[in-house]
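Colleague: I've just opened this one and I'm a bit lost. Could you walk me through it, feature by feature?

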Amino acid sequence: MRKAGGRAYSQACELLYASAYLPSQRLLVGWSPWRGRRPLPPPEALPEHLRGLERRYYWESEGLPAEVIRELNDGAELVAHNGDAFDSLVWRALGYPETTWADTVHLVRRASLPASLDAACREVYPDLGKDSAGRARLLRHTSPQARRGRPDGEFADPSPTAMRAIARYCDLDALITAALWDALRLGDPHPDDAVLAIHRKIDARGVPIDGDYARRLSAAEMRITESAVSEALAAGLPRSALTSPQQLRAWLSERGVDLADAQADTLRATTSTDAAVGAAIRARLAHANVVRSKLDALAARTCPDGRLRGCLAYYG
């Protein structure tokens, strides 16, 4: 998802598990197409009004639970952390009904808190945070795992025990979001609401990108890098020195060039009549250049209509 962005990722995703806290019913609902087991209760560090909730789980089911549908029919707004950039996109890709969303990333930033859900939560509730063990289990089932004969890896089917840990992680995320929403009164009117609405409209419209041009520039950068690296290797530079500042400085020192560091500004300011030294410096600068990775990310994150979305940060 980091390479392609939430929009492209959401188009090819499948549901692993979803969780929703319904405050009007004091109910936590979870659903998944996989078999699972009832997770352990949420931690006692939650605010008192979020403890002792009724919990219902619907395993081997991808459809929205009736409890959630009733809330939507009554006009409920969905709240999620990163809702604009991920949750709402996945929701739409799964064919769930259109509805309105509030993204707490924008709102906690506006409250001068970190954008990270875990960091923002710990600012308000020092003893409460995301479930690190559950996150590790979740990542194992949302990333392809290497298998013999499958160099690109494949997704592992979760066991009921794995789903139990994943469900607890997602449930806690929903409750942490609710705790911040309530403690910071994020749903209250704010003088900056109109600015946030404009921000969301601009992001939804997107920025036009010439993807073909970005790909051509990336290809040109790759040719420049390959040429510089080939020249340096032919001059005797070890390939490992391209990525190791210590090895590069040691190699240059052997040729009479002593550097305090291998930062780009230092390398650019270095002069030498030794052609091998010049080749090594050009190779290091080209190899460390981030232009190509940024161009590739730009092309990968551009939507099919040629516009880039999800690239603007509201309030910092």
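Colleague: Let's begin with a loop residue. Where is N82 found?

Modeller: Keep in mind that this is a predicted model. N82 sits in the loop between β4 (78–80) and α3 (83–93). Its phi is positive, about 75 degrees, although N82 is not a glycine.

Colleague: And how does N82 count in terms of accessibility?

Modeller: The general idea is that buried means under 20% relative accessible area and exposed means over 50%, with partly exposed in between. N82 has 37% relative accessibility, so it counts as partly exposed.

Colleague: Which other residue that isn't glycine has a positive phi?

Modeller: Try R26, with phi near 45 degrees. R26 lies in the loop between β1 and β2 (27–31). At 37% relative accessibility, R26 is partly exposed too.

Colleague: Now a helix. How many residues does α8 have, and how far does it reach?

Modeller: The idea is to set the end-to-end reach beside what is expected at 1.5 Å a residue. Helix α8 covers residues 193–205, which makes 13 residues, and from first C-alpha to last it reaches 18 Å, close to the expected 18 Å.

Colleague: Which residues of α8 are buried?

Modeller: L196, H199 and D203 are. They cover an arc of only 55 degrees around the axis, so they end up on the same side of α8.

Colleague: What does the face turned away from that buried side carry?

Modeller: That face of α8 has the exposed residues A194, I198, K201 and R205. Just after α8 comes G206, which takes a positive phi of about 85 degrees.

Colleague: How do I read a pocket? What is the space in the second largest one?

Modeller: Start with the volume, then look at the lining. The second largest pocket holds about 220 Å³ of space. It is lined by 14 residues, and those closest to its centre are A102, L107, D193, L196 and R200.

Colleague: Which elements supply at least two residues of that lining?

Modeller: β5 (101–103), α4 (104–110) and α8 each do. Among the contributors, α8 gives the most, with four residues. By type, the lining of this pocket divides into seven nonpolar, one polar and six charged residues.

Colleague: What about the largest nonpolar core: which members touch the most others?

Modeller: Of its 31 residues, those are Y17, Y21, L50, L128, I166 and L175. The elements giving two or more residues to this core are α4, α5 (117–124) and α7 (160–183). The largest share, eleven residues, comes from α7.

Colleague: Last topic: separation in sequence set beside separation in space. How far apart are R307 and D203?

Modeller: You count residues along the chain, then look at the C-alpha to C-alpha distance. R307 and D203 are 104 residues apart in sequence and 9.9 Å apart in space. D203 is one of the buried residues of α8, while R307 belongs to strand β9 (residues 307–308). With 27% relative accessibility, R307 is partly exposed.

Colleague: And how far apart are A18 and E98?

Modeller: They are 80 residues apart in sequence, with 17 Å between their C-alpha atoms. A18 is in strand β1 (residues 18–22).

Colleague: Is A18 buried or exposed?

Modeller: Buried, with a relative accessible area of 15%.

Note on methods: Residues are numbered from 1 along each chain as its sequence is written. This is a predicted model: local features need pLDDT of at least 70, side-chain atom pairs count only at pLDDT 80 or more; totals for chains, interfaces and linings use all residues. Side-chain values use heavy atoms; hydrogens and water are left out. The expected span of a helix is 1.5 Å times one less than its number of residues. Buried means under 20% relative accessible area, exposed over 50%, partly exposed in between (1.4 Å probe, protein chains only). The arc is that of the directions from the helix axis to the C-beta atoms. On a 1 Å grid over the protein atoms alone, a cavity is a set of points where a 1.4 Å probe fits but cannot get out, and a pocket is an open set with protein on both sides within 12 Å along at least five of seven lines; lining residues have an atom within 4 Å of a point. Grid points are joined across faces, edges and corners, and a volume is the space filled by probe spheres set on the points. Ala, Val, Leu, Ile, Met, Phe, Trp, Tyr, Cys and Pro count as nonpolar, Asp, Glu, Lys and Arg as charged, and the others, Gly among them, as polar. A nonpolar core is a set of buried Ala, Val, Leu, Ile, Met, Phe, Trp, Tyr and Cys residues joined through side-chain atoms within 4.5 Å.
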